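Notebook open, fresh page. I want to look up a hairpin, some ring pairs and a few charges over rings.

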Amino acid sequence: MKRFRMVMAVLLLGAAGLPAPAVAAPADYDIDTASSLQVVVNKQRPLDPATYVPSALVRVTGLKVRAEAADAYKKLSRAAKADGVAITLVSGYRSYAQQESLYNDYVRQYGQQVADTLAARPGFSEHQTGLAVDIGNPSGSCALAECFESTPAGRWAAAHAEEYGFVIRYPKGSGEVTGYSYEPWHLRYVGPALAKEFELSGEATLEEFFGLPAAPDYN
Ligand SMILES: [Zn+2]
């Protein structure tokens with residue numbers, strides 16, 4: 001009983017005596033500026049300027065990623081490794097020119113309608129922010145495929161990405177909002193504060209979290 005009271009006292013003190021954690025309102029995040037860690041890019045919200053290049057790109061296992069996202073990704077992959085799960089980096093930053101050539105290749109092969117389901121148009125890709133990473137398993141199993149969610153790397157990322165400031169940007173069943181079908185391998189760095197707040201909100205997408213219109217397609 002005595003022990004219980006002591007625990008209660010500590011809990012009460014904790015609740016009353018400490019300042020509430022600072023939680024930024026959605027309005028406090030800059031979702032418009034290309035260089036903002038919280039920028040929201042989708043088929044209705046191109047990067048401005050379209051040819052934006054992030055200033056602080058660093059190399060992670062041979063791929064370029066923006067410094068903030070690179071640090072967080074390294075922490076994430078180390079933590080996964082400590083849990084016995086190996087995660088590899090499959091894709092990071094893509095420049096406007098790289099996205100353009102990728103998209104144009106698809107257009108040549110399949111036509112624009114199909115190309116639009118396979119790759120973002122240049123200036124509209126989250127990868128151009130340097131804040132998006134595609135992750136994989138060293139075995140390559142389910143690489144860039146929906147079944148990635150059931151692989152060790154996919155499961156680990158779904159459970160822990162938020163702790164490192166990442167969100168699963170294109171969740172299952174939200175294609176009409178994000179413009180992309182389920183991509184369990186595509187993680188977007190938004191910083192730990194927003195990642196936490198987003199998770200607690202229960203919203204599935206950044207569009208819904210910020211009250212933005214759905215972006216199923218280009219204008
Ligand atoms: Zn991606």
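Here are my entries, in the order I looked things up.

Entry 1, a reminder to myself. I'm looking at a predicted model.

Entry 2, the hairpin. I started with strands E1 (residues 57-60) and E2 (residues 63-66), which run antiparallel and are joined by 4 bridges. Picking one position, I found Leu-57 opposite Arg-66 in E2. How many residues sit between E1 and E2 in the hairpin? I got 2, and Thr-61 in that turn has a positive phi of about 40°.

Entry 3, ring pairs. I looked up the aromatic pairs and got 8 for the structure. One of them is Phe-166 with Tyr-189, edge-to-face, at 5.3 Å centre to centre and with 70° between the planes. That pair ties together distant parts of the chain: Phe-166 belongs to strand E5 (residues 166-168) and Tyr-189 to strand E6 (residues 186-189), 23 residues apart. Are Phe-166 and Tyr-189 buried or exposed? Both came up buried.

Entry 4, another pair. Phe-209 and Phe-210 also make an edge-to-face pair, with 5.0 Å between centres and 90° between planes. Both of these Phe residues are buried. Following the ring pairs further, I ended up with a cluster of Tyr-29, Phe-198, Phe-209 and Phe-210.

Entry 5, charges over rings. Which residue lies over the face of Tyr-180? I found Lys-43 there, 4.6 Å from the ring centre. Then I checked Tyr-218 and found Arg-121 over its face, at 4.0 Å from the ring centre.

How values were computed
Residues are numbered from 1 along each chain as its sequence is written. This is a predicted model: local features need pLDDT of at least 70, side-chain atom pairs count only at pLDDT 80 or more; totals for chains, interfaces and linings use all residues. Side-chain values use heavy atoms; hydrogens and water are left out. Two strands pair if DSSP finds at least two bridges between them. Rings of Phe, Tyr and Trp (its six-membered ring) pair if their centres lie within 6.5 Å; planes under 30 degrees apart count as stacked, over 60 as edge-to-face and the rest as tilted. Buried means under 20% relative accessible area, exposed over 50%, partly exposed in between (1.4 Å probe, protein chains only). A charge sits over a ring if NZ of Lys or CZ of Arg is within 6 Å of the ring centre and within 35 degrees of the ring normal.
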